[in-house]
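Thank you all for making the time this morning. I would like to walk you through one chain, going from its overall layout to its cores and then to its charged pairs.

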Amino acid sequence: MSMPSRRAIVGFLALAPAGLVLARPARAAEPRVFQPGGVAIHGMDPVAYRAEQGPVPGDPAITQDWDGAEWRFATEANRAAFAADPARHAPAFGGYCAFAASRGYLAPTIPEAWSIHEGRLFLNASLRARRLWEAELPGVIAAGEANWPAILG
């Protein structure tokens with residue numbers, strides 16, 4: 001039995017129903033929130049980025065479930081602030097890397113690579129990624145928003 005020619009393959013593809021040829025296995029979507037081990041943003045308190053001006057580990061006994069993840073807080077007051085307005089306190093792009101989101105893909109983040117821009121918390125994969133992201137403001141935010149949430153899969 002001989003191999004089909006390139007012309008035969010191209011002809012088949014041109015005539016085949018689009019769904020048959022373009023079908024591919026379904027890919028599971030990533031969670032909307034970056035949550036290693038089910039805990040949002042490495043267990044850091046999202047409210048503390050503003051209140052304490054940096055990352056503070058949350059207490060595993062002080063939690064709030066929101067947007068499919070467990071969020072941890074250093075204090076009950078921070079948990080209450082988050083519960084009152086989670087969208088204000090949660091990081092943009094679900095806590096995934098803001099620079100990667102601007103480029104159309106997902107990347108994990110580290111707590112130390114953070115920025116607050118126009119009242120929003122942004123996390124990045126590294127300090128270098130944060131510098132690159134900050135150098136392209138505000139365009140990187142608009143690009144990330146254009147890609148979000150389709151990049152979740």
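What follows is a short tour of this structure, and please keep in mind throughout that it is a predicted model.

Let me begin with the layout. The chain holds eight helices and four strands, and if you read along the sequence you will find them in the order α-α-α-β-β-α-α-α-β-β-α-α. Of its 153 residues, 36% count as buried, and the accessible surface comes to about 8800 Å², with 58% of that area belonging to carbon and sulfur atoms. As for the contacts in the chain with a separation of 6 or more, 55% of them are between residues 24 or more positions apart.

Now to the interior. The largest nonpolar core has 18 residues, and the members that touch the most others are Phe93, Cys97, Phe122, Trp133 and Trp148. Helix 6, helix 7 and helix 8 are the elements that give two or more residues to this core, and helix 6 gives the most, with four. There is also a second, separate core, made of 14 residues, and Ala40, Tyr49, Phe82 and Ala90 are among them.

I would like to stay for a moment with Phe122. If we leave aside the neighbours within four places in sequence, which residues is Phe122 in contact with? The list runs through Ala92, Phe93, Ala98, Ala113, Trp114, Ser115, His117, Trp133 and Ile141, and two of these names, His117 and Ile141, will come back, the one in the hairpin and the other in helix 8.

The hairpin is the one formed by strand 3 and strand 4, with two residues between them. These strands run antiparallel and are joined by four bridges, with His117 standing opposite Arg120 of strand 4. In the turn, Glu118 has a positive phi of about 50°.

Helix 8, which covers residues 139-147, has Val140, Ile141 and Gly144 as its buried residues. Seen down the helix axis, these buried residues fall within an arc of 100°, and so they line one face of helix 8. What do the buried residues of helix 8 pack against? Their partners are helix 6 (98-103), helix 7 (127-135) and both strands of the hairpin, strand 3 (114-117) and strand 4 (120-123).

Let me turn to the charged pairs, where the count comes to five salt bridges, and I will take you through some of them.

In one of the pairs, Asp67 forms a salt bridge with Arg32, and the closest N and O atoms are 3.5 Å apart. Asp67 sits in the loop between strand 1 (59-66) and strand 2 (69-73), while Arg32 sits in the loop between helix 2 (18-22) and helix 3 (48-51), so this salt bridge ties together parts that are 35 residues apart in sequence. Asp67 is partly exposed, at a relative accessible area of 31%, and Arg32 is partly exposed as well, at 42%.

Another salt bridge brings together the side chains of Glu136 and Arg103, at 2.8 Å from N to O. This pair, too, links distant parts of the chain, since Glu136 is in the loop between helix 7 and helix 8 and Arg103 is in helix 6, 33 residues apart. Here Glu136 is partly exposed at 35% relative accessibility, and Arg103 is partly exposed at 41%.

A further pair lies within a single helix: the side chains of Arg79 and Glu76 meet at 3.2 Å, N to O, and both residues belong to helix 4 (residues 76-84), where they are three residues apart, about one turn of the helix. As a reminder, an α-helix has 3.6 residues a turn, so residues three or four places apart point the same way. Arg79, at 23% relative accessibility, counts as partly exposed, and so does Glu76, at 46%.

That is where I will stop, and I am glad to take questions.

Key: Residues numbered from 1 in each chain as written. Predicted model: local features only at pLDDT ≥ 70, side-chain atom pairs only at ≥ 80, totals over all residues. Heavy atoms only, no water. Buried < 20%, exposed > 50% of the residue type's maximum accessible area, 1.4 Å probe, protein only. Arc of directions from axis to C-beta. Contact = heavy atoms within 4.5 Å. Salt bridge = Lys/Arg side-chain N within 4 Å of Asp/Glu carboxyl O. Core = buried A, V, L, I, M, F, W, Y, C linked by side-chain atoms within 4.5 Å. Pairing = 2+ DSSP bridges. Areas by Shrake-Rupley, 256 points an atom, 1.4 Å probe, with all protein chains shown as cover.
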